[in-house]
Amino acid sequence: SRERDLAGRHVVISAGGTREPLDPVRFLGNRSSGRQGYALARTAVARGARVTLVAANTALPDPAGADVVRVGTAAQLREAVRGAAADADVVVMAAAVADFRPAHYAQGKIKKREGRDPEPIALVRNPDILAELSSVRSRPGQVVVGFAAETDDVLANGRAKLARKGCDLLVVNEVGEDRTFGSEENEAVVLGADGSETPVPRGPKEDLADTVWDRVVRILDKE
Ligand code: C5P
């Protein structure tokens, strides 16, 4: 039974999308709404977990019973997740984290220069938080879960990404302009480092969340 099968567990979930500032009024961002991460938080609370939700730029009401930490940038999300992960049984990285950030932050609003081409935006790489969490494991037996949005070769790319990042589970879904981001529904495959493949048919984000927790509980119970 799913009832309270996460009781006594601390789970950390990141949700939403990071924003990397260019100047005081502009940022590089993405279309993540945070809905899948919030569904993970709600279902984990329902299954008895202590939940820390690290929310990046979401416009959703706090899930009842979860500790919510609000962040803006990838650097802030990394600090918040790593701090909370220290005593966590499970970390789920559902947030869309910017792979790159502007190399320079302008203290004043960037001006357009009349009659001249715009200055290119130089980018630098952000640390891969999921890969870091997977390689360090702040607790023995800690379960680390990632998400991957792919536009093509979903399964092959998902398998390669799971191996590269070193996480226990990777939830892959196909995205496109009119799919998944911001919608109430999701359709995905949960890939396991043990070679398992659990398809989740199109449905509410809670259904996918519950399937993720089913897989997590199975790994935790093998400890
Ligand atoms: O490599 P890609 O961005 O597709 O990987 C997605 C997964 O990696 C998500 O779980 C996301 O939260 C995580 N990620 C991360 N740090 C980054 C980029 C992505 O933890 N800098």
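**Helix H3 and the nonpolar cores**

Modeller: In this predicted model, helix H3, residues 129-136, has as its buried residues Ile-129, Leu-130, Leu-133 and Ser-134.

Biologist: What puts these buried residues on the same side of H3?

Modeller: They cover an arc of only 130° around the axis, and therefore they lie on the same side of H3. In general, an α-helix has 3.6 residues a turn, so residues three or four places apart point the same way. On the other side of H3, Ser-135 and Val-136 are exposed.

Biologist: What covers the buried residues of H3?

Modeller: The cover includes helix H2 (74-85) and helix H4 (154-165), together with strand E6 (90-93) and strand E9 (143-150).

Biologist: What makes Asp-128 a cap of the N-terminal end of H3?

Modeller: A side-chain oxygen of Asp-128 lies 3.2 Å from the backbone nitrogen of Leu-130, and a polar contact requires a pair of N or O atoms within 3.5 Å, so the pair of Asp-128 and Leu-130 satisfies that cut-off. Just after H3, Arg-137 takes a positive phi of about 45°.

Biologist: Which residues have the most contacts inside the largest nonpolar core?

Modeller: They are Ile-13, Leu-40, Trp-213 and Val-216, in a core of 32 residues. Helix H5 (205-221) is one of the elements that each supply at least two residues of this core, and H5 gives the most, with seven residues. Apart from this core lies another, of 25 residues, among them Ala-84, Leu-133, Cys-167 and Leu-170.

Biologist: Why is Leu-133 called a core residue?

Modeller: A nonpolar core is a set of buried residues, of kinds that include Leu, joined through side-chain atoms within 4.5 Å; Leu-133 is buried and belongs to the core of 25 residues.

Definitions and conventions
Residues numbered from 1 in each chain as written. Predicted model: local features only at pLDDT ≥ 70, side-chain atom pairs only at ≥ 80, totals over all residues. Heavy atoms only, no water. Buried < 20%, exposed > 50% of the residue type's maximum accessible area, 1.4 Å probe, protein only. Helix = DSSP H or I, 4+ residues; strand = E, 2+ residues; numbered from the N terminus. Arc of directions from axis to C-beta. Contact = heavy atoms within 4.5 Å. Polar contact = N/O pair within 3.5 Å; in protein donor to acceptor, adjacent residues only side chain to side chain.
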